[in-house]
Number of protein chains: 2
Amino acid sequence: MTNEEFETLLNFFKVMGNEKRLKIAGILANRDCTVRELAQMLKLKEPTVSEHLGTLKMLGLVTVRPEGNFRVYSFNSAALHTMNREMLSRGRLANLVQGEVEDSDQKVMKAFFKGDQLIAIPASRKKWLIILRWFAEKFEDGIQYPEKQVNEIILRHHGDYALIRRELVDWKFMTREKSIYWKLPTPTDLPLD
Amino acid sequence: MTNEEFETLLNFFKVMGNEKRLKIAGILANRDCTVRELAQMLKLKEPTVSEHLGTLKMLGLVTVRPEGNFRVYSFNSAALHTMNREMLSRGRLANLVQGEVEDSDQKVMKAFFKGDQLIAIPASRKKWLIILRWFAEKFEDGIQYPEKQVNEIILRHHGDYALIRRELVDWKFMTREKSIYWKLPTPTDLPLD
DNA sequence: CTCCTAATTAGGTAAATTCCGAAATAGAAA
DNA sequence: TTTCTATTTCGGAATTTACCTAATTAGGAG
């Protein structure tokens, strides 16, 4: 179930999103350790380390084995591997939230499309913008389209290409100069804060 | 620098280790959104979503572009890729903490080894165990070694193979039956990356 | 210019997390 | 059995985080 996978991934991030636990994982990725060894290296008390190890163990990221008088903790590559390969890609991430959140756009799309054909024009501005955004996605960033080609692309999904074309420009989804159309390229978004 | 990478990875986990932020990332992985849209889907107030988006933006996981009257947020696959491919493997993880934590073992090893030769026997039990663990690593999990081969392997690093061999068994690093020696296999540690 | 709307920042509260010392447990050793 | 030791569990203090409402900013539209 996708919801369960979401929880798994979320927990993975939560657990690894703590400095001390991430370090423990890193150290154990180098070699096996006892609780006391880890406590010394990290300058923490044993109970604290023990708790962290318990958390990591729940996730399956570490395993324990008794060895003489100690309990030796090991890193378990398999769990990391699972996260890495099976969950951490854009596609996977996208799937994890499907149905999880009510997606108002998909409702709108279902209501006004049949397949990839726009079969009705919504009265509400909000819904209309959702549809226009969908049309805008059919064009690539940074490419200049002659009007003829714009029409063609729109025609694949709706007969009244002039309406859609004009609306795309009006709502600034696209820019026109003479009869060349383009999307404003996504800015590189330099300044952070 | 490895320390900087550690911080980057830690922050990545921290940011994604929050239910709402992970969902935002998931939704944006499906399609671009405005703050208001996200707020509706997630049943949060806009300021809260805005904050989360700011956090995600700092990490480079999302970008913004103005579009008409709105600010449209997009998912940035590149950042995810970086984490996925360049940081999230056992080997990488292991490297991230090298030198970060003072590794008491390495001190001990330096003090009693010359190259890979054990040249002195520590008085302290603690230090002795570190050395024994090092010797234990020279043997593979799940392999049965006849005594002769055990001796050979130890001899590569120290003359008194009988001492080391006996200590390895005494301290339960290895098991002996008749004159066959083996390590107890580490449970569930599957192949790494 | 002013109005309007989307988004952000400020400030404060409630909840969750991290850490520790003290006490309990489990198991090897004697 | 009792003792000793490594680890875990408990209870609570200090810090951090997530979220809200209210106020502010930014920018297009009129």
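How many salt bridges does the count come to over all chains? I began my notes on this predicted model with that question, and by the rule applied the count is 16 salt bridges.

**Entry 1. Salt bridges within a chain**

I looked up Glu19(A) and Lys23(A) and found their side chains joined in a salt bridge, at 2.9 Å from N to O. I noted that the two residues stand four apart in helix H2 of chain A, so about one helical turn separates them. I recalled that an α-helix has 3.6 residues a turn, so residues three or four places apart point the same way. Buried or exposed was my next check: Glu19(A) counts as partly exposed at 32% relative accessibility, whereas Lys23(A) counts as buried at 9%.

I then turned to Arg165(A) and Glu147(A), whose side chains meet in a salt bridge of 3.5 Å, N to O. Arg165(A) belongs to helix H10 of chain A and Glu147(A) to helix H9 (residues 147-155), so this pair ties together parts that are 18 residues apart in sequence. I found Arg165(A) buried, with a relative accessible area of 16%; Glu147(A), at 26%, counts as partly exposed.

In chain B, I recorded a salt bridge between the side chains of Arg31(B) and Glu37(B), 3.8 Å from N to O. Both Arg31(B) and Glu37(B) are buried.

**Entry 2. Between chain A and chain B**

How many residues does each chain bring to the contact? I read 65 residues from chain A and 66 residues from chain B. The two chains bury about 5,700 Å² between them, and 60% of this lies on carbon and sulfur atoms. Of the area that chain A buries against chain B, Phe13(A), Arg90(A) and Arg133(A) supply 11%, more than any other three residues.

I counted four salt bridges between the two chains. I examined the salt bridge between the side chains of Glu67(B) and Arg133(A), at 3.2 Å from N to O. I also looked up the polar contacts between chain A and chain B, and the count is 11 residue pairs, both residues at pLDDT 80 or more.

Which elements of chain A supply at least two residues each to the side that touches chain B? I listed helices H1 (2-16), H2 (19-30), H3, H5, H6 (90-96) and H8 (125-136), together with strands E2 (62-67) and E3. H2(A) gives the largest share of that side, nine residues. By class, I found 29 nonpolar, 16 polar and 20 charged residues there.

I also followed a network of salt bridges that links Arg31(A), Asp32(A), Glu37(A), Arg65(A), Glu67(A) and Arg133(B).

**Entry 3. The surface near DNA strand D**

Which residues come nearest to DNA strand D? Of the 21 residues around this strand, I noted Ser50(A), Tyr73(A), Asn18(B), Thr48(B) and His52(B). Sugar and phosphate make up 74% of the atoms of DNA strand D that come within 4 Å of the protein.

I checked three side chains against phosphate oxygens of this strand. For Tyr73(A), an N or O atom of the side chain is 2.4 Å from a phosphate oxygen; for Arg36(A), the corresponding distance is 2.8 Å. A polar side-chain atom of Asn18(B) lies 2.8 Å from a phosphate oxygen of DNA strand D.

I found that both chains take part: H3 (35-42), H4 (46-59) and strand E3 (70-75) of chain A, with H2 (19-30) and H4 (46-58) of chain B, each supply at least two residues of the surface near the strand. H4(B) supplies the largest share, four residues. I sorted this surface into six nonpolar, seven polar and eight charged residues.

**Entry 4. Helix ends and loops**

I looked at the N-terminal end of H5(A) and found it capped by Asn76(A), with a side-chain oxygen 3.0 Å from the backbone nitrogen of Ala78(A). Among the buried residues of this helix are Leu80(A), Met83(A) and Met87(A). In H10(A), the buried residues include Leu163(A), Ile164(A) and Leu168(A). Lys172(A) follows H10(A) and has a positive phi, near 65°.

I noted that Lys43(A), which is not a glycine, has a positive phi near 55°. Lys43(A) sits in the loop between H3 and H4 of chain A and is exposed, with a relative accessible area of 65%. For Lys43(B), I read a positive phi of about 55° and an exposed state at 69%.

Definitions and conventions: Residues numbered from 1 in each chain as written. Chains lettered and ligands numbered in written order. Predicted model: local features only at pLDDT ≥ 70, side-chain atom pairs only at ≥ 80, totals over all residues. Heavy atoms only, no water. Near = heavy atom within 4 Å. Polar contact = N/O pair within 3.5 Å; in protein donor to acceptor, adjacent residues only side chain to side chain. Nonpolar A, V, L, I, M, F, W, Y, C, P; charged D, E, K, R; others polar. Buried < 20%, exposed > 50% of the residue type's maximum accessible area, 1.4 Å probe, protein only. Contact = heavy atoms within 4.5 Å. Buried area = accessible area lost by both parts, 1.4 Å probe.
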